[in-house]
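Trainee: Got a minute to walk me through this one? I'd like to start with a single residue and work outwards.
Mentor: Sure, let me bring it up.

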Amino acid sequence: MESKIQIEQMETLEKRLGVPISQVSGRTVDDAGFEVIFELRVLNGGQLRESICVVGLIYNNSGELIGRSENFFDSKRVFAFTSGSVYFFKVTGDDIKKIVIYPERN
């Protein structure tokens, strides 16, 4: 049984890079891993100014970082809106207390 997982976003970084992340949710996939799904929007409905990665970090109930994953978004291929995910192998929702998700320059 998965408990309530806290989701934390780095809104300052989202604003700085012009890419708000929304609709963040997570799910255990076949007891083999955990997937965090999100929407990525480009401010003003345009093209990404530069290529970015969306990074996901997961922490256990003791506050220890237990996983890091990222998804690359090419500035030449993203216009206005896209969706994405980050995947963590060998981790289930029961192992996770908090998810941190943020964009970074690539």
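Mentor: Start with Phe-38, which touches Ile-21, Ser-22, Gln-23, Val-24, Val-54, Phe-73, Ser-83, Gly-84, Ser-85, Val-86 and Ile-101, leaving out residues up to four places away in sequence. Contact here means heavy atoms within 4.5 Å.

Trainee: Before I trust that, what kind of model is this?
Mentor: This is a predicted model, where local features need pLDDT of at least 70, side-chain atom pairs count only at pLDDT 80 or more, and totals for chains, interfaces and linings use all residues. Residues are numbered from 1 along each chain as its sequence is written, and side-chain values use heavy atoms, with hydrogens and water left out.

Trainee: OK. Is Phe-38 buried or exposed?
Mentor: Phe-38 is buried, with a relative accessible area of 1%. Buried means under 20% relative accessible area, exposed over 50%, and partly exposed in between, using a 1.4 Å probe and protein chains only.

Trainee: Which element holds Phe-38?
Mentor: Phe-38 lies in strand 3. Helices (H or I, at least four residues) and strands (E, at least two) are DSSP runs, numbered from the N terminus.

Trainee: And how far is Phe-38 from Val-86 in space?
Mentor: They sit 8.8 Å apart, C-alpha to C-alpha, with their positions 48 residues apart in sequence.

Trainee: What about Glu-39, what does that residue touch?
Mentor: Glu-39 is in strand 3 too. Its contacts are Pro-20, Ile-21, Ser-22, Gln-23, Phe-81, Thr-82 and Ser-83, not counting residues up to four places away in sequence. The C-alpha atoms of Glu-39 and Ser-85 are 8.6 Å apart, and the two residues are 46 apart along the chain.

Trainee: Zoom out. How many helices and strands are there in the protein?
Mentor: One helix and seven strands. From the N terminus the order is β-α-β-β-β-β-β-β.

Trainee: What's in the largest nonpolar core?
Mentor: That core has 22 residues, and those with the most contacts inside it are Val-36, Phe-38, Leu-40, Ile-52, Val-54 and Phe-73. A nonpolar core is a set of buried Ala, Val, Leu, Ile, Met, Phe, Trp, Tyr and Cys residues joined through side-chain atoms within 4.5 Å.

Trainee: Which elements give two or more residues to this core?
Mentor: Strand 2 (21–29), strand 3 (33–41), strand 4 (52–59), strand 6 (81–89) and strand 7 (98–105). Strand 3 gives the most, with four residues. There is also a second, separate core of five residues, which includes Val-55, Leu-57, Val-100 and Tyr-102.

Trainee: Back to Phe-73. Which residues does Phe-73 touch?
Mentor: Leaving out residues up to four places away in sequence, Phe-73 touches Phe-38, Leu-40, Leu-48, Ser-51, Ile-52, Val-54, Val-78, Thr-82, Ser-83 and Gly-84.

Trainee: Now Arg-68. Where does that one lie?
Mentor: Arg-68 lies in strand 5. Arg-68 counts as partly exposed because its relative accessible area is 47%. Among its contacts are Val-55, Leu-57 and Tyr-102. The C-alpha atoms of Arg-68 and Leu-57 are separated by 4.6 Å, with the residues eleven apart along the chain.

Trainee: Any odd backbone angles?
Mentor: Two to look at. Most residues other than glycine have a negative phi. Ala-80 has a positive phi of about 75 degrees although it is not a glycine. Ala-80 sits in the loop between strand 5 (65–73) and strand 6. At 23% relative accessibility, Ala-80 is partly exposed.

Trainee: And the other?
Mentor: Lys-90, with a positive phi near 60 degrees. Lys-90 is in the loop between strand 6 and strand 7. Its relative accessible area is 77%, so Lys-90 is exposed.

Trainee: Is Gly-18 buried or exposed?
Mentor: Buried, at 6% relative accessible area. Gly-18 lies in the loop between helix 1 (11–17) and strand 2. Leaving aside neighbours within four places in sequence, Gly-18 is in contact with Arg-41, Val-42, Leu-43 and Arg-49.

Trainee: Last one. How does the radius of gyration look?
Mentor: The protein has 14 Å, which agrees with the value near 13 Å for a compact globule of 106 residues. The radius is taken over C-alpha atoms, and the globule rule is 2.2 Å times the number of residues to the power 0.38. Buried residues make up 41% of the 106 residues.
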